[in-house]
Structures are given as C-alpha cells and as structure tokens.
Amino acid sequence: MNTRSFAATGVLNGIAALAMLVALYLALVYAPPAANLVGAAQIAQRIFYFHVPSAWVGFLAFFVTFVASIAYLWKGGRQWDVLAFSSVEIGLVFTSMVVTTGPLWAKPTWGVWWVWSDPKLSTVAVLWLIYFAYLMLRNTVEDEARRARLAAVLGIVGFLDVPIVFGAVRWWGQSVAHPIVFGTGGLRHSPRMLTAFLFCLGAFTLLYVVLLIQRLRLEGMRHEVERLKSQGFTL
Amino acid sequence: MRIGFLHKILAIVHKDIIAELRTKEMFSSMFVFALLVIVIFNFAFELRVANIRQVAPGVLWVTFTFAGILGLNRSFILEKDRGCLEGLLLAPVDRSAIYFGKMLGNLLFMSVVEAIVLPIFWVLFNPPLFSPALIPVIVLGTVGFAGVGTLFSAIAVHTRAREVMLPILLFPIVVPLMIAAVKITGGLLDGQPLAEMRHWLNLLVGFDVIFLAVSYMTFDYVVEE
C-alpha cells in the first residue's frame, strides 16, 4: 500500500472515531427521553440508537459476504475470498452486539431477557450460529483454495437461509411487540430522535467500512509476509 | 453406449445400496441411535409432561435429525477414506449426477430408518390418532434435510474435524425446516386437517426446492480437487 492511500485511510479512521463520539453524544444526551416510557425502560430505550445500527451493519456485512462468495465461485480470485471472510468477522462482532444489547433492553421493557417467538431475535441468533460455523469451517480446512471454495458455498447457503428463518419464526409464534422503527408513530414525531438515529446509522456504517479496509490491509500484509518467507527471507 | 442422466444417478444409488447391504454399518448405527434417542427422551420428559402430544412432534423430529446426521456423516466419510471419491470424480458422469445419486441414497437410508422408527415411536409414546397425512410431511422434511445435508456432508468431509463439523454447519440451516415439520406434525396430532396448515407445507416445499437447487449448483465446487 502506498503512502497516499495510507494517509487517506488514516483520515478516514479519524473521521470514523469522531463520528462514533458524536453518535454517543447524540444517543445519550441530545435525543430526548421517550415520552411514553418510564423508569428503567426509558433509559434502556437509548440502546436502540446502537442496537438497530448494529443489526443493520450485521446484515450488510453478511450480504457483502454473500455477493463476494458468488463472485469467488463465479470468477475466482483470492481478493473475493478475503473480502468474504473479512466481512464475516466484522459482521459477527456487530451481530454479537445486537444479541447482547437486545436482552439488556428487553429485560426492563418486556420483563424477560429473551423471547424465542420474536422473529427478529431468533433470526439474529440463527444468523450468529451460521457465521460462527463459517469461521470454524475456515479454521478446519488446510488447503487454501479448498477452504475458499467451501466457505463460499456456506456464505451463499447461509445468507439464503436468513429470510426463510425469519418467515418461519414469524408464523411460528405470536410475536411480542418488537418496536417497529419506521411505522406509524415512532420516530416521525421526534425530529431529534430521528436525527440521532440516522446519524448513528451513518456512523456505524462508516465504522464498518473503516474496519473492513483495515482488515483487508492486514490480510494483504499477512499475505505479503507469507510470500517473502516462502522466497527465503528470514525475519 | 450413451447412458442417460437418470441411469447414472441410479448407478450411484445402486452402488451405495450394495455397499450398505454388505456392511449394514450405516443402517444399524442410525437405527440403534434413533431408538436410544427415543428412550432417553422418554425418560427425560415422562415425569414432567402431562400430555405427551406436547412433546411428541419435537421428539420425533429430533430423533430423525440425529439419526440422519449419523447417516450423512458416513455417506462421504466412506467415500473419502477408501479413496472412492477420486474414483467417483474420475467416472464419466456429471458432478450433479454424483450429488443426486448420493442425495437419493441418503434419502433412502433415512426413509427406511424412519419407516421402522415411526411405528415403534407410536407404540412407545402412544400419541392419539395416526394421520396418514403425516407420511408426505415426513417425506418433504426428509428430502430437505437430505438435500442440504448431502452438500454439507461433502463439505464436512474435507475438514479436519469432520464428524463434528457436519451438525455445526447443518443444524442452523435446517432450523426453518424443523420449525415447519414440527408445527405440521403437532397440528396433525391435534386433529387439524392438512389444508389448514397450507402455509407450513408451502414453507417445507419452498425450503426443499431452494436448497436442492442451490446444492445442485454449488456441489461441483465442493468436491472439486
């Protein structure tokens, strides 16, 4: 990587860090407390500003993996495989944030940590398991080309499963009232809430992009070191 | 002589049946394991559940799934260990013929086990009426399970921890299949007609079609050397 693009990613990192700080301020201070809630539920409502963007980034990351996996099987090329698993790693971090912030919010609001009949909860839980298995699969295959092919197949099958899981759980149980962000009521009545939410959404997406760039860079460097080693350089 | 696609598939199924008839390895392990699962569930639930109808559908499908995993694991491990997979890949047949052949073989073995386990299950658990509509539901569920399971069996066999990897890869994917199958089975035990559960049947069929198609398209990349 040349110096100019290195400087560019440095600037991007700085912007992302700043955006995350502003996002924290907007979510915890700027946004007004939810008028229809009281006590712990009112405080827990602020989790929403990080919870929903995390879920969005998780889905985005696994969608990127899905596309990169198809591209790998179709066209080949190591860069698609690197993109696919880098995105899974980041997506898994954000999905983990979703499944931890969700129960923290649910306990004071619903009275329970977890509800299986809610399609969003169950889908994210299954999603988490699929992509955790994806990383386990990669760790147990020696040959690099084969590892990439097997992982790509799972990257495709796993993502196609997501809407089916969602549909199945939606029919399965009477869902508790999982808040719907873009419906009647909700954010439309509070411009400050909407501003805070949209900013958090943007900040988290930027964070994903920054992490992805860094992960790709890291993998590029690792690959370069491997190449030099194989040429007889000793470190 | 040119052999048709169907003949090639059946030749692979034929090979698997002969291998199984000679060893009876896969069938006996699946069958005994299925019985063990039923026995353990029986003791695990009996004291706590007043109405067996509430747990019977789940127990039935968990039994099928666990026994199926054993069969699917053997399916490609046998090929790999004895170097048969290379032979299959070198044979002048399309890769998709290998997929459908192995898939039909797995489907057949699972179905035989299920056909024996189902009456035993009825005798031991004594759920109320037996609805004949249960048969097509079990077939649809097993097709989906064997369909995506055959693909994942071929994936797992190329990993270091192969027996362990198969359930870890397969179970999250078949969650919607299990939900639909258990729901319909429960409905039938409660005396609901199948027509009332059309949306669940659609889900089963949809799952089967989508994942058979995807497995067919991606199997080539999995077995490629």
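Analyst: A polar contact is a pair of N or O atoms within 3.5 Å; within protein, one must be able to donate a hydrogen and the other to accept it, and residues adjacent in sequence count only if both atoms are side-chain atoms. Here, the side chain of B:T185 comes to 2.6 Å from the backbone oxygen of B:A181. This is a predicted model, in which local features need pLDDT of at least 70, side-chain atom pairs count only at pLDDT 80 or more, and totals for chains, interfaces and linings use all residues; side-chain values use heavy atoms, with hydrogens and water left out. Residues are numbered from 1 along each chain as its sequence is written, while chains are lettered from A and ligands numbered from 1 in the order in which they are written.

User: Where is B:T185 found, and is it buried or exposed?

Analyst: Helices are DSSP runs (H or I, at least four residues), as are strands (E, at least two), numbered from the N terminus. B:T185 belongs to helix α8 (residues 175-189) of chain B. Buried means under 20% relative accessible area, exposed over 50%, and partly exposed in between (1.4 Å probe, protein chains only). B:T185 has a relative accessible area of 2%, so it counts as buried.

User: Which residues is B:T185 in contact with, leaving aside its neighbours within four places in sequence?

Analyst: Contact means heavy atoms within 4.5 Å. With those neighbours set aside, B:T185 touches B:P57, B:L60, B:W61, B:L134 and B:V137.

User: How many salt bridges are found over all chains?

Analyst: Side chains of opposite charge can pair when their charged atoms come close. The rule for a salt bridge asks for a side-chain nitrogen of Lys or Arg within 4 Å of a carboxyl oxygen of Asp or Glu. Over all chains, the search gives 17.

User: Which elements hold B:K102 and B:E79?

Analyst: Their side chains form a salt bridge with an N to O distance of 2.7 Å. B:K102 sits in helix α5 (residues 95-125) of chain B and B:E79 in helix α3 (residues 56-81) of chain B, so the salt bridge ties together parts that are 23 residues apart in sequence. Both ends are buried: B:K102 at 2% relative accessibility and B:E79 at 4%.

User: How many residues apart are A:R222 and A:E226?

Analyst: They are four residues apart in helix α7 (residues 191-230) of chain A, which is about one turn of the helix. Their side chains make a salt bridge at 4.0 Å, N to O. A:R222 is partly exposed at 40% relative accessibility, and A:E226 is partly exposed at 41%. The two also belong to a network of salt bridges whose members include A:R78, A:E89, A:E144, A:R215 and A:E219.

User: How many salt bridges does the rule find across the interface of chain A and chain B?

Analyst: The rule finds two. In one, the side chains of B:E224 and A:R149 meet at 3.7 Å, N to O. This pair runs from the segment after α9 (198-223) of chain B to helix α6 (residues 144-172) of chain A. B:E224 is partly exposed, at 30% relative accessibility, whereas A:R149 is buried, at 10%. There is also a salt bridge between B:R160 and A:E142, with the closest N and O atoms 2.6 Å apart. Polar contacts across this interface amount to 10 residue pairs, both residues being at pLDDT 80 or more.

User: Which elements give two or more residues to the side of chain A that touches chain B?

Analyst: Those elements are α5 (119-139) and α6 of chain A. The largest share, 16 residues, comes from α6(A). Nonpolar residues are Ala, Val, Leu, Ile, Met, Phe, Trp, Tyr, Cys and Pro, charged ones are Asp, Glu, Lys and Arg, and the others, Gly among them, are polar. By that scheme this side has 20 nonpolar, three polar and four charged residues.

User: How is the size of an interface given?

Analyst: It is often given as the accessible area lost when the parts come together. Buried area is that loss (1.4 Å probe), summed over both parts. Between chain A and chain B it is about 2700 Å², with carbon and sulfur atoms giving 77%. In contact terms, 27 residues of chain A meet 30 residues of chain B.

User: Where in chain A is confidence lowest, and where highest?

Analyst: pLDDT is the predictor's confidence in each residue, from 0 to 100. Helix α2 (residues 39-44) of chain A is lowest, at a mean of 78, and helix α3 (residues 48-75) of chain A is highest, at 94. Chain A has a mean pLDDT of 86, and 91% of its residues reach 70 or more.

How values were computed:
Buried area = accessible area lost by both parts, 1.4 Å probe.
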